[in-house]
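User: Please take a close look at a single part of this structure, the open sheet together with what packs against it, and describe in connected prose how its strands are joined.

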Amino acid sequence: MAVSIKSEREIELMRESCRLLAKVHQELEHAIRPGMTTMDIDIMGDKMIRDMGCVPNFKNYNGYPASICVSVNDEVVHGIPSRKRILQEGDIVSLDAGLIYKGYHSDAARTHAVGRISPEAENLIRVTKQSFFEGIKMAKAGNHLHDISNAIDAYVTSFGYGIVRDLVGHGIGTHLHEDPQIPNFAQRRKGIRLEAGMTLAVEPMINMGRADVEWLDDDWTVVTEDGSLSAHYENTILITDGEPEILTLY
């Protein structure tokens, strides 16, 4: 497994790519409201990315037809935007997006409330987000990759939620998906030793019910098998000699 170590110049390009993506996420969060379609979100996100002089890295990636993955309620990831899918009060919606700036990729995801949501849905979103931060407490040079996985697992399982096992985080840089793969569930092996200069996309995907998922007939949309709600939270981070730097927080 060859994990790329970024130079100072590459890190600066990654920082800018991620800063711009964080801005996209912030604008999309402010726009979400009941009555809009998932296609409205995609159109807005695509325009923002292109107006910044960047390229949406999800568009046509392995055939994916949109720029923003918009996943509603029991959809875990890779929901395809549609003019027919209208957001309703009480829904939760996960937005996964990335862009390319001067050849360097960024990737981040957020789960948002649509209007007022149930306390149970609020807690799922909160725990999913916090599990990311629990994980990256271990994201330090000298630690092992699976220290991140084990910390996420320990936090999430204390709430009785299911951790998706079919999808994992990843390295990122001049390609959207690079080595290493980063599971969100406990591992027996330590994994690689983390080094300063690694850039990683850490992305817990957490189900209110069981961990099991299935793919819809569109070959993209992943849903919970039991129909329970799912939340997703992701940032691109930089391993440093000290605390990790979260590149996609605005």
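Analyst: In this predicted model, Gly169 has Ile182 in β8 as its bridge partner. That pair belongs to the antiparallel pairing of β7 with β8, in which 3 bridges join the two strands, and the connection between them is a hairpin with 6 residues between the strands.

From this hairpin the sheet can be followed strand by strand. Its order is β8-β7-β9-β14-β15, an open arrangement of 5 strands with antiparallel pairing. The edges are formed by β8, residues 178–182, and by β15, residues 245–246, each of which pairs on one side only.

On the way inward from β8, strand β7, which spans residues 169–171, pairs with β9 in the antiparallel sense over 2 bridges, and here Gly171 stands opposite Leu200 of β9. Strand β9 is in turn joined to β14, residues 235–238, by 4 bridges, and these two strands also run antiparallel; within this pairing, Val202 has Asn235 in β14 as its bridge partner.

The surroundings of β9, residues 199–202, deserve a separate word, since both of its faces are covered. Thr199 and Ala201 point to one side and Leu200 and Val202 to the other, and all four of these residues are buried. Leu200, which stands opposite Gly171, and Val202, which is bridged to Asn235, thus lie on one and the same side of the strand.

Packing against the sheet involves helix α1, which lies across β9, β14 and β15 and runs at about 155° to β14. Helix α1, residues 8–31, also meets a second helix, α2, residues 38–51: the axes of the two come within 10 Å and cross at roughly 150°. Because an angle over 145 degrees counts as roughly antiparallel, that crossing makes α1 roughly antiparallel to α2, and the handedness of the crossing is right-handed.

The contact between the helices is made by Lys23, Val24, Glu27, Leu28 and Ala31 on the α1 side, which meet Ile41, Met44, Gly45, Met48 and Ile49 on the α2 side. By residue type, this contact divides into 7 nonpolar, 1 polar and 2 charged residues. Taken together, α1 is in contact with strands β9, β14 and β15 of the sheet and with residues of α2, while the hairpin of β7 and β8 leads to the edge strand β8.

Methods:
Residues numbered from 1 in each chain as written. Predicted model: local features only at pLDDT ≥ 70, side-chain atom pairs only at ≥ 80, totals over all residues. Heavy atoms only, no water. Buried < 20%, exposed > 50% of the residue type's maximum accessible area, 1.4 Å probe, protein only. Pairing = 2+ DSSP bridges. Axes fitted to C-alpha atoms, helices over the stretch in contact; angles between N-to-C directions. Parallel < 35°, antiparallel > 145°, perpendicular 65-115°, else oblique. Left-handed = near helix turned anticlockwise from the far one by under 90°. Contact = heavy atoms within 4.5 Å. Nonpolar A, V, L, I, M, F, W, Y, C, P; charged D, E, K, R; others polar.
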